[in-house]
Amino acid sequence: MNILLLGKDGQVGWELQRALQPLGKVFALNRHSDASGLCGDLSNYDAIASLFKKTSPNIVVNAAAYTAVDKAESERTEADVINHLAVENLAKLCKNYQALLIHYSTDYVFDGSGDTPWLENDDSYPINYYGKSKRAGELVLEQTGVKFINLRTSWVYGTYGNNFIKTMLNLATSKTQLSVISDQVGAPTGASLIADVTAQVIRYYNLQSNARCQELHGHYHLAPTGSCSWFEYANFIFNNAKELGEVLTLEDVSAITTEQYPTPAKRPHNSRLNTQKLQTQFNLHLPHWQQGVTYVLKELIHGK
Ligand code: NDP
């Protein structure tokens, strides 16, 4: 089986490079050309077409995306090119090659109202441009008729790349006071969990009949169990970092509202995702969010 991995150097892409290896021959690419002349720049349609020709993928895993949420408000075209138009191009190529497209999307396709975990078929009303561009990408998956599995996830972190955990650790060792938002709730999701679940999804899919595979195509929510606010998440990081021997300068952490911390892009208050469909359809168990955060904290602090 040939697997084409795009966006190999992002948080999720990095972990996928590891997790996909036992499944088949993996062609892992970033936007630059590799030593054999393969190039995974999503905005270069000729390069992507040539990539399909040279690798004949059975599965394409697209971990590449425009993920700068605030910048997307002023860089709408750039966000749209990668999160929408490039996905359409990929979907059409996958359809021609009869390849399964595994794609990632976000809790930001929802408006964040209420406090119930979102279901896959709940109405999508994104409140920022990043969310709109990601939703446009999801719609082209549906419209092209490609075989796809779209994993919506939330609040991604990992040992590789920039994320909330690293930002909090840096601030906790350089500042004495910090304010963190307490009225946005979601589940911090490890890039390694996303990659491992992706590998399990592919393995399960490949063992099914054509009819069952048809049933499996569609949108899924992928996040650990439990939920927290950014404020609770930050305190969990600080308490664990202290237990792991990190010396913090931080003395005071206060909770603030979204209104008190204005950003160019609006953020949803309720980012909880209901993951029952993923767990049932693929026979998976998802861990509590604290498990993965603790693991990464140990890697970051003890690995220094
Ligand atoms: P990252 O920002 O860590 O990685 C995205 C990768 O996409 C980067 O390596 C980037 O490369 C690459 N990329 C951007 N433009 C192109 C292009 N034109 N061609 C090829 N590669 C390109 O994202 P994550 O790993 O965190 O996100 C993975 C998926 O999860 C995305 O679909 C994202 O929307 C989704 N998601 C992420 C969340 C988060 O909190 N991060 C939350 C919810 C969903 P370069 O560095 O060269 O720009």
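**Parallel strands around β4**

Leu6 stands opposite Asn62 in β3, and that pairing is a handy way into this predicted model. Leu6 belongs to strand β1, residues 2-6, which runs parallel to β3 and is joined to it by four bridges. On the β3 side, Asn62 shares its direction with Val60, while Ile59 and Val61 point the other way. Whichever way they point, these four residues are buried.

Moving across from β3, the next strand to look at is β4. Strand β3, residues 59-62, and β4 run parallel, again with four bridges between them. Two of the pairings can be picked out by residue: Ile59 sits opposite Leu100, and Val61 has Ile102 as its bridge partner. So how does the chain get from β3 to β4, and with what hand? The route goes through helix α3, residues 76-97, and the resulting β-α-β crossover is right-handed.

Strand β4 itself deserves a closer look. Its residues 100-106 are buried, seven of the seven, so the strand is largely enclosed by the rest of the structure. Burial holds for both faces: Leu100, Ile102, Tyr104 and Thr106 point one way, Leu101, His103 and Ser105 point the other, and all are buried. The polar names in that list, such as His103 and Ser105, are thus tucked away along with the leucines.

Strand β5 pairs with β4 as well. Here six bridges link β4 to β5, residues 148-153, once more in the parallel sense. Towards the end of β4, Thr106 stands opposite Thr153 in β5. The connection between these two strands follows a β-α-β path too: the chain leaves β4, passes through helix α4, residues 129-144, and arrives at β5 in a right-handed crossover.

Two loop residues stand out for their backbone angles. Ser56 has a phi near 40°, a positive value in a residue that is not glycine. It lies in the loop between α2, residues 45-55, and β3. Trp155 is a second non-glycine residue with positive phi, in this case about 45°, and its place is the loop between β5 and β6, the latter covering residues 156-157. Which of the burial classes does Ser56 fall into? With a relative accessible area of 39%, Ser56 is partly exposed. Trp155, on the other hand, has a relative accessible area of 9% and, falling under the 20% cut-off, is therefore buried.

Stepping back to the whole protein, the fold has ten helices and twelve strands. How does the radius of gyration compare with that of a compact globule? For 304 residues the expected value is near 19 Å, and the protein has 19 Å, so the two agree. Along the principal axes, the C-alpha atoms fill a box of roughly 55 × 40 × 40 Å. Buried residues account for 54% of the 304 residues. Among contacts with a separation of 6 or more, 79% come from residues 24 or more positions apart. As for the outside, the accessible surface comes to about 13900 Å², and carbon and sulfur atoms contribute 47% of that.

Technical notes
Residues are numbered from 1 along each chain as its sequence is written. This is a predicted model: local features need pLDDT of at least 70, side-chain atom pairs count only at pLDDT 80 or more; totals for chains, interfaces and linings use all residues. Side-chain values use heavy atoms; hydrogens and water are left out. Buried means under 20% relative accessible area, exposed over 50%, partly exposed in between (1.4 Å probe, protein chains only). Two strands pair if DSSP finds at least two bridges between them. A crossover is right-handed if, with the strands pointing away from the viewer, the path from the first strand over the helix to the second runs clockwise. The radius of gyration is taken over C-alpha atoms; the globule rule is 2.2 Å times the number of residues to the power 0.38. Contact means heavy atoms within 4.5 Å. Accessible areas come from the Shrake-Rupley method with a 1.4 Å probe; for residues, only the protein chains shown count as cover.
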